[in-house]
Amino acid sequence: MAAWSVVLLVLVSFGLTVATVQAGARTDQETAAARTVVRDAREVQAVLLDAETGQRGYLITQDRSFLEPYATADARLAQALASLEAASDQLGGVHPGLLEVLARVKLDHLETAVELTKRGRADDAATLVASGAGRRVMDDVRDEAARVIADAAQIADAGATRSVRLRALATTTGALSVLSVLALVVLLLRHQTRLEREQAASELEAREAVGRLERLSTQDALTGLMLRRPAEEELARALARSRRDGTGLAVVLCDVDRFTELNSRLGSGGGDAVLVAAVQALTAMTGAADLLARAGPDEILLVVEPVASVADAEQIARRVAEAVELDVEVDGQTVATSASVGLVVVGLGVDPPGPAPGVPATTAQVLSAADEATNGAKQAGGRRVHLFDPATDVVRGAHYRIVGELRQALEDPAAGGLWVAYQPLVDLMDDQVFAFEALVRWEHPDRGPLPPGQFVPHVEASELIVALDRHVLLTATHQVAHWNAERRRRGLPPLRVSVNCAPRTLADPGLVSTVKDALAESGLAPTSLVLEITESAVVQATRVVADRLATLVDLGVTIALDDFGTGYSSLSYLTHLPIGMIKIDRSLVQDLGSSAADEAVVSAISSLARRLGQVVLAEGVEDQTQLDRAMALGCRFAQGYHLGRPAPARELTLVAVPLAVPHVRAG
């Protein structure tokens, strides 16, 4: 409040000072103008007197030398009158107009007498002068000049008095302004000091906030461990040190056994409690230089450097496995935990120097090797350590290479050769394409096109399948959303897109969020998305997975059961899970028209699906006979090479957004 009062005082005093100075300046101008009026009025009289003197001398003597003052009178008078008029305009109380008229009359009178004399009419000129008219005009000029001078003098005197007062007032207001400014400076300095303190506090708070954000981006909120991405960067630096110094490096991946089962039985809180207990146990046994990170939902990564021998590395891995064997109390229940531990040793002979098939060299390859080693421990029954050794396991080495290379490809899909193909799905009622199935393809940078069978099974056996499914989902939803925007402009109904969802992806707690994000980013309607799940995933589905599927259906997404009839079939789950479409496996479709048994199975599936409100699609239709029999047996939809092969999006533009309604079925 005091600051505003001082600011107001500064403004008022400054305004008064300026106004006073301006008023003083105006007063000085008026005073100067009044003095000019006095001078110019006297000059008018002097000019007329000089002209009259010259006139009389010329009339008496006829000597033209007397006309010299007279000759300049007109110009002098004009100059004096112009100056008088300009000065009087600055004064409100002085009006020299009459003086100007009289001066002109007097000068004209003098000119008349001079001209008569010049023409030899001196008697007439003498008579004119003797008449006294010029004398009377001159008297009027003196009187009017005296009046103008008196008015101007009065204004000048008043202005001088006012000027003195204004200068005194200006001095006072100026002093007040200086004092106000000084007070304002003092307040501003105090305010600046306070602002600097507040800014320092804000900067400290901002740094703390940035630190918190950095921790959130690099640390897991549940366990406090480093997240996978920064852990990969730390591992890359550790690998570089190992190569530079020639030292050994142990990479241990600990995967909590039965973690999905724990989450299903105890809820996510139970799984979290087990994971936190495992992390606390591992933190207690690791050294300050060791890297400990959360590499996945149930995976903990440990990097130890240096290690002197493979035996030492194996001892570290066994200690990790032993540390995770715990009894954890969860909601009054005692849960016994264990872990499958994979071990990769770098730089100690397990990986010979130089590039070789199956030898971990990059960060992605080392992590894939650790993941493969962990899977080996799980396949052996869990609760054990498995050392990765590509020299004695060619199959696992090939798997590791594929997964490692695909992990790198996912970091930059375009450069890594990953792309999505689209295969038409046809509605047999109107013979129109109603959807596309999105299928991943890989143009390997070195080995060229890889058939899906050469890499998809490897990826499905690793956690990488979750990232791959997400990539396909994002790509496909954006593409079909683009096609649907074009179809709307042409008055066509929207297409649907069918995307595969592997068992690991279905078990991922982030699946629903991933689907929501893909729909939001692409603008695709949820009703245009179909997620295909396998029978093996459904057979192993827990209550948590069933709830996840129900949430997706509530969003508007359709759940399709893929490859139905391949060996896991159980009709009970068709009634317990929110399945909207059944895709009959190609193994049952390929003999339609020649196998009565297969036709009976397809007919039974179609009949049951209709009663359950589900639709049926025949996969792998390769000729017209199969298509006709599938339709006759109750299949509403179909796909296969007979209807359209998988192709890049750019080759399907006219199929997806036809200029006219096309006939899609191949002849």
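**Exercise 1. Where does Glu619 lie, in terms of the loop between β15 and α23 or elsewhere?**Solution. The model is predicted: local features need pLDDT of at least 70, side-chain atom pairs count only at pLDDT 80 or more, and totals for chains, interfaces and linings use all residues. Residues are numbered from 1 along each chain as its sequence is written, and side-chain values use heavy atoms, with hydrogens and water left out.

Step 1: place the residue. Glu619 sits in the loop between β15 (615-618) and α23 (624-632). Helices (H or I, at least four residues) and strands (E, at least two) are DSSP runs, numbered from the N terminus.

Step 2: check its cover. Glu619 counts as buried because its relative accessibility is 6%. Buried means under 20% relative accessible area, exposed over 50%, and partly exposed in between (1.4 Å probe, protein chains only).

Step 3: list its contacts, meaning heavy atoms within 4.5 Å. Leaving aside neighbours within four places in sequence, Glu619 touches Asp562, Asp563, Lys583, Ile584, Asp585, Arg586, Val589 and Gln639.

**Exercise 2. Find the strands that pair with β3, and say how.**

Solution. Step 1: take β3 itself. Strand β3 covers residues 299-307, and 7 of its 9 residues are buried.

Step 2: look at β1. Strand β1 (residues 248-256) pairs with β3 in the antiparallel sense over 7 bridges; two strands pair if DSSP finds at least two bridges between them. Here Val252 stands opposite Leu302.

Step 3: look at β2. Strand β2 (residues 291-296) is also antiparallel to β3, over 5 bridges, and Arg294 has Ile300 as its bridge partner in β3. A hairpin through 2 residues joins β2 to β3.

**Exercise 3. Describe the second largest cavity.**

Solution. Step 1: start from the search, which finds 3 cavities of 30 Å³ or more in the whole structure. On a 1 Å grid over the protein atoms alone, a cavity is a set of points where a 1.4 Å probe fits but cannot get out; lining residues have an atom within 4 Å of a point. Grid points are joined across faces, edges and corners, and a volume is the space filled by probe spheres set on the points.

Step 2: read off the volume. The second largest cavity holds about 40 Å³ of space.

Step 3: name the lining. Arg228, Leu253, Ala295, Leu301, Leu367, Ala370 and Asp371 line the second largest cavity. Helix α11 (residues 363-379) gives the most to this lining, with 3 residues.

Step 4: sort the lining. It divides into 5 nonpolar, no polar and 2 charged residues. Ala, Val, Leu, Ile, Met, Phe, Trp, Tyr, Cys and Pro count as nonpolar, Asp, Glu, Lys and Arg as charged, and the others, Gly among them, as polar.

**Exercise 4. Pick out some unusual backbone angles.**

Solution. Step 1: recall the background. Most residues other than glycine have a negative phi, and most peptide bonds are trans.

Step 2: check the peptide bonds. The bond from Glu305 to Pro306 is cis, with omega near -10°, and Pro306 is found in strand β3.

Step 3: check phi. Arg258, in the loop between β1 and α8 (259-266), has a positive phi of about 55°. Arg258 is partly exposed, with a relative accessible area of 43%.

Step 4: turn to Arg383. Its phi is positive too, near 55°. Arg383 lies in the loop between α11 and β7 (385-387), and it counts as exposed at 55% relative accessibility.

Definitions and conventions. 1 Å grid on protein atoms, 1.4 Å probe; cavity = no way out; pocket = protein on both sides within 12 Å on 5 of 7 lines; lining within 4 Å.
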